[in-house]
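This report describes the fold, the domains, the nonpolar core and the chain contacts of the structure shown below.

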Amino acid sequence: MAVVLALAPALAGDELSVFAAASLADALEEVAPAFVALSGPRPVFNLSGSNDLARQIAAGAPADVFLSADAAQMDVVERAGRVRAADRVELLSNTLAIVVPADSTLALGRPSDLPRAGRLALADPQAVPAGVYARAWLEAQGLWPQLAPRVIPTLNVRAALHAVETGNAEAGIVYRSDARLSRRARVAFEVPREQCPRIVYVVAPVADSPRAGTAAAFVRHLRSPQSSRVFERHGFLVPEAR
Amino acid sequence: MLTADDLRTVLFTLQVALAGTLLILPPGVAVALALARYRGPGKSVLETVLSLPLVLPPTAVGIALLEAFSGASPLGRWLAERGLEVVFTWKGVLLATSVMSFPLLVRSARTAFEEVDERLVGLARTLGCSPLAAFARVTLPLAWRGILGGTVLAFARALGEFGATIMVAGNIPGRTQTLALAIFHNHQLGRDERAAALAGVTAGLAFTALWTAEWAARRRAAGA
């Protein structure tokens, strides 16, 4: 017991707690080492649906940086007083893709084909950004009323991808960046950018963090050209104007 | 305070828990009796394996069931070809809750059977009872309270199961969402009042089940 207590501060000591949207998992793992090499503290990622993370931070979770997949969830954290409006930065964008299991024989080429898929996996369209975006797109296409009863809502976008990979859903809507990762699911078609709702990833250091300086440095690191290249390689879009 | 959707969730949860309990009752009692009577090698290993879902994280049971029944597995594909889809359907809820509550029933029933004096069963047999009649007229009446206790515990477990259910059946409002999942989901959506109301309903149901069982057992004991 005493040993555990003695170790606890050492373990928690020099780490930066980054709460980030699940879709960023792989890209963040890749940009982290360069940050560690520069300034020391190791970023530890808490990856989940942004709505889940926003609730945790609003409830007082010890986060140093929040990286949300939409503005609405950053608003939640800002309203809770844990992020300053002036500190928010639009980091990335993305588009949506329709995925099917790699061995699927389903012919899905355009939105109006979607009702052919039996079950459609989405991140929870009531709250998780990826699902909220997908729902907005389906609503704009006039397909939502027809598809809503077949939606399998998942905790985050990666879970929706996984449901498709395992064949437990015939199709799913995920970010283009997620779709690229998968070997067991393939892209049936991408949502054209002009149809796609504006997807924005917002990042901000948590204002009351005891590591606020390091948090701000990490946000700067995420915006560096070096990190941007990593994000682009993973299929994210980096806004032009910086 | 509860909406029509909430009431449907309550009803669905009760239906699945009840169906699951009835489903596991015959095999549960049979396995319990076999374990109580079996004296051969491997008894303790067998008992431990059967109790595993009690101590494993429900998510571990969930991933095992998901691997076995998913559309990507041979069994899952075989079932799907016959129109039986388990993952993300109410059948998945039934499967997950049944597997999780099975050991509770077996443990209680086994203990009850072990406490039945085998000489009484032997006596019934010498008086001309068939094995089945001896079981129905001697063993079962004596072990009845333990079996009922286990059944109620299994039912209560099925009411509250979360981890295995969410992995196998997902969390689909109106289709696979049980009370335990609805509490979590409402919390996720920031509707803590509704989550709390549903938690209250769950507590009420669990209390009623446990209390009824106690009451029935006591009445039975007094009458016997």
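For its 242 residues, chain A would be expected to have a radius of gyration near 18 Å if it formed a compact globule, and its value of 19 Å agrees with this. The model is a predicted one. The C-alpha trace of chain A spans about 55 × 45 × 30 Å along its principal axes. Chain A holds 10 helices and 10 strands, and buried residues make up 49% of its 242 residues. Among the contacts in chain A with a separation of 6 or more, 75% join residues 24 or more positions apart.

**Domains of chain A**

Chain A is divided into domain 1, which comprises 2–93 + 200–233, and domain 2, which comprises 96–190. Taken over C-alpha atoms, the centres of these two domains of chain A are separated by 27 Å. Contacts between them involve 12 residues of domain 1 and 14 residues of domain 2. On the side of domain 1 that touches domain 2, helices α2 (25–39) and α3 of chain A each supply at least two residues. By class, that side of domain 1 has four nonpolar, six polar and two charged residues.

**Contacts between the chains**

Where chain A meets chain B, 11 residues of chain A are in contact with 11 residues of chain B. Both α3 (50–58) and β7 (151–154) of chain A supply at least two residues each to the side of chain A that touches chain B. The largest share of that side, three residues, comes from α3(A). Its classes are three nonpolar, five polar and three charged residues.

The two contacting sides described above are set out by class here.

| Side | Nonpolar | Polar | Charged |
|---|---|---|---|
| Domain 1 of chain A, touching domain 2 of chain A | four residues | six residues | two residues |
| Chain A, touching chain B | three residues | five residues | three residues |

**The largest nonpolar core**

In soluble globular proteins, nonpolar side chains tend to be buried together. The largest nonpolar core here has 125 residues, of which A:Val65, A:Phe66 and A:Val99 touch the most other members. Helix α5 (residues 90–114) of chain B gives the largest share of this core, 13 residues. Domain 1 (2–93 + 200–233) and domain 2 (96–190) of chain A both contribute residues to the core, so it lies between them. Leaving out residues up to four places away in sequence, A:Phe66 touches A:Phe19, A:Leu53, A:Ile57, A:Met74, A:Val77, A:Val83, A:Ala204 and A:Val206.

**Helix α9 of chain A**

In helix α9 (residues 212–222) of chain A, the residues A:Thr214, A:Ala215, A:Phe218, A:Val219 and A:Leu222 are buried. These residues lie on the same side of α9(A), because they cover an arc of only 145° around the axis. A:His221 is also found in helix α9 of chain A. A:His221 counts as partly exposed because it has 18 C-beta neighbours inside 10 Å, where 20 or more would make a residue buried. Apart from neighbours within four places in sequence, A:His221 is in contact with A:Phe35 and A:Ser227. The C-alpha atoms of A:His221 and A:Leu38 are separated by 9.6 Å, although these residues are 183 residues apart along the chain.

**A loop residue of chain B**

B:Phe88 is found in the loop between α4 (74–81) and α5 of chain B. The phi angle of B:Phe88 is near 65°, a positive value in a residue other than glycine. With 24 C-beta neighbours inside 10 Å, B:Phe88 counts as buried.

Methods
Residues are numbered from 1 along each chain as its sequence is written. Chains are lettered from A and ligands numbered from 1 in the order in which they are written. This is a predicted model: local features need pLDDT of at least 70, side-chain atom pairs count only at pLDDT 80 or more; totals for chains, interfaces and linings use all residues. A residue is buried if 20 or more other C-beta atoms lie within 10 Å of its own, exposed if 12 or fewer, and partly exposed in between; C-beta atoms are placed from the backbone. Helices (H or I, at least four residues) and strands (E, at least two) are DSSP runs, numbered from the N terminus. The arc is that of the directions from the helix axis to the C-beta atoms. A nonpolar core is a set of buried Ala, Val, Leu, Ile, Met, Phe, Trp, Tyr and Cys residues joined through C-beta atoms within 7 Å. Domain bounds come from an automatic or database domain assignment. Two residues are in contact if their C-beta atoms, placed from the backbone, lie within 7 Å. The radius of gyration is taken over C-alpha atoms; the globule rule is 2.2 Å times the number of residues to the power 0.38. Ala, Val, Leu, Ile, Met, Phe, Trp, Tyr, Cys and Pro count as nonpolar, Asp, Glu, Lys and Arg as charged, and the others, Gly among them, as polar.
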